[in-house]
Amino acid sequence: MNQCKRAKHNVKHIFHFIYEIDRSAFFTIAAAVALSGMAVLPSLYLPKLIINEFVYGKNFQNVILYAFVYASLTLVLQAVNQIITSRLEKQTKTLEYEGIIRLFQKIAHLDYDMLQDAEIMDHFAKATKCVMAMNFYLLVTSMIKFFSSIWILAVVMGTLIVLDAKILLIVGVVILINAYTNARLNKIRYQTDDELWPLDRRMTWFMRFAGDLKYAKDVRSNHAQEFLFSKYRQLSDGFYQLQNKIVDSERNVKLMNIVLTCVQELLIYLILGYNMIVKKVFTVGDFSLVFSAMEAFKSGCGGLIDGLIEIGSRGEYFRKYLDFIRIPSRFHAGQQKKCTLSGAEGFVIEFQNVSYRYPNQTQDALHNVSVTMRSGEKISIVGENGAGKTTFIKLLLRLYDPTEGAIYLNGTDIREIDYDDYCRIFSTVFQDFQLFTLSLRENLTLGNTKITDDEIKEAARKIGFLHFIEALPGQLDTCLFSDYDKEGVDLSGGEAQKTAILRALLRESGVIIMDEPTAALDPQAEYDIYKMIDESVGSQLMIYISHRLASSRFCDRIFLFADGTIAEAGTHEQLMAKGAAYRTLFELQAKYYREEENG
């Protein structure tokens, strides 16, 4: 009963999905169902007439007629069936493609914190399985098998009842027992799949990790290959133990099916023999008809039950796909106010008693922070690693929402502002920024066709990067990295950082954030590029984040973070005069730089 309810629920959602994307697919499915049933009829009744003519009538003209009708109907029905099947496959591929597109859009727009939720990422893996590896196509064919089996059974059951109801009873009992064992097997498969998914996702991560160039130096320099292999081996052992559980269950079910089939055929041969030899009520053609009807009945019942099971179990993946697609976004929820803001407009961003605590942590990463920033300002955010700098920026960018307090843009809580509009205000370069295996132009514009090559080169000139672009073999058309293009150019750390900075400067934004993007540069080079950035921007709010203090001297204000709070705030001169933590850190770093230069 639960299987039927689940199948009914899944069919409803599948039909709704098809209706949204391609309504014409319904007509193809209906035609495929009708034709699947009609294709059985010639092979069911015409062979009986031909065999009886061989044995009793011995009229060759009738044989020719029946054979011609049989061959013609079979040819037409199979040819039309092939055309419909081909059309259905194309339509299903379109549905799969749209499903993949929607999945891509969902994962790309998923709330940032959800990407760190293991349960949601397992959910994503299951959703991916639904639309990949022909699973959706198999789901649709299972529905066709289910519905076509219903009316095949109606025809065949009537035939078997007329011939001998005991045959129908025997076949029906065997099929019901097989259905029960197969349902149990599918339940075990589904439950085991739930346990396999987390293991499979981790194994995929380790496999990708082992061949990822980003980690290759650390793996080899620390001789971590065997350690990583042992972790992979541990996961794979658990994975294959679960798979063996499924194999053992399948073996037991198949053995049961073999025994039942042998018993079934024994009883049916006895019934047929009795009717033909003792009672003399069956012809040789009837004998053929019984076996054809019995096979059609078995096929119909199998299609009905397998379709029901497949729609129930494989449909669960589709349900999980829909559940994932429908995960609500907190950041896009509610009535949101539209917002357009450029660097030319005056604006104020205010943190009011803002705290944030990461999930499963006992202490705040940021605690009771209150600060105001205005357009046209240059803010330097400094402090040791783990002081709360990056958390502050992630809250500002609304990658997270505060656990306490609120952030305001021109007096409006940013949670009330249209999320996409709010994100467009910012142009950010993170310390762990990423470039893509695309052309340099595509990396810089990210699809914004309004940015011209001349604008790119002018911005590059201002930060001293134009000479690098002009030296590339294809200049802006040069592909970055050689992962997928043998002509691709691999960048040094400094070149990659300047590319990321140039990308940020090309965006039309009200706030530019540099979150330690120059970590690969020496302090003097960092200071020089920040000076060039400072001279190339207009009235935007500039925020620089660094644990090095030398580049903070040209900023209007400095926020020194410590233990998740702003410990000190002011200009460089004010904080140096105060003689507290900032001055101590600055002089310590300055001494280190002087010693490095003298050394």
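This briefing covers the overall make-up, the two sheets, the helices packed on one of them, and a surface patch. The model is predicted. The protein has 599 residues, of which 46% count as buried. Its secondary structure consists of 19 helices and ten strands.

**Overall figures**

- The accessible surface of the protein amounts to about 31,600 Å². Carbon and sulfur atoms account for 57% of that surface.
- Among contacts with a separation of 6 or more, 75% are between residues 24 or more positions apart.

**Six-stranded sheet**

- This open sheet has the strand order 6-7-8-3-9-10, and its pairing is mixed.
- Strand 6 (426–429) and strand 10 (565–570) are the edge strands, each pairing on one side only.
- On average, neighbouring strands of the sheet are turned by 15 degrees against each other, with direction ignored.
- Five bridges link strand 7 (residues 511–515) to strand 8 (residues 541–546), and the two run in the parallel sense.
- Within this pair, Leu541 of strand 8 is the residue opposite Val511.

**Helices on the six-stranded sheet**

- Helix 11 (residues 389–396) packs on the sheet and touches strand 3 (378–382), strand 6, strand 7, strand 8 and strand 9 (557–562). The direction of helix 11 makes about 150 degrees with that of strand 8.
- Helix 16 (residues 493–506) lies across strand 6 and strand 7. Relative to strand 6, helix 16 runs at about 175 degrees.

**Four-stranded sheet**

- The order in this open sheet is 2-1-4-5, with antiparallel pairing.
- At its edges are strand 2 (366–374) and strand 5 (412–413), each of which pairs on one side only.
- Strand 4 (residues 404–409) is joined to strand 5 by two bridges in the antiparallel sense.
- Leu409 has Thr412 of strand 5 as its bridge partner.

**Nonpolar surface patch**

- Val259, Val263, Leu266, Leu267 and Leu270 make up a nonpolar patch on the surface. Together these residues have about 450 Å² of accessible area.
- Leu270, one of the patch residues, belongs to helix 9 (residues 225–278).
- Leu270 has a relative accessible area of 55%, and exposed means over 50%, so Leu270 counts as exposed.

Key. Residues numbered from 1 in each chain as written. Predicted model: local features only at pLDDT ≥ 70, side-chain atom pairs only at ≥ 80, totals over all residues. Heavy atoms only, no water. Patch = residues over 30% accessible without salt bridge, like charges linked within 9 Å, V, L, I, M, F, W, Y side chains within 5 Å. Areas by Shrake-Rupley, 256 points an atom, 1.4 Å probe, with all protein chains shown as cover. Salt bridge = Lys/Arg side-chain N within 4 Å of Asp/Glu carboxyl O. Buried < 20%, exposed > 50% of the residue type's maximum accessible area, 1.4 Å probe, protein only. Pairing = 2+ DSSP bridges. Axes fitted to C-alpha atoms, helices over the stretch in contact; angles between N-to-C directions. Contact = heavy atoms within 4.5 Å.
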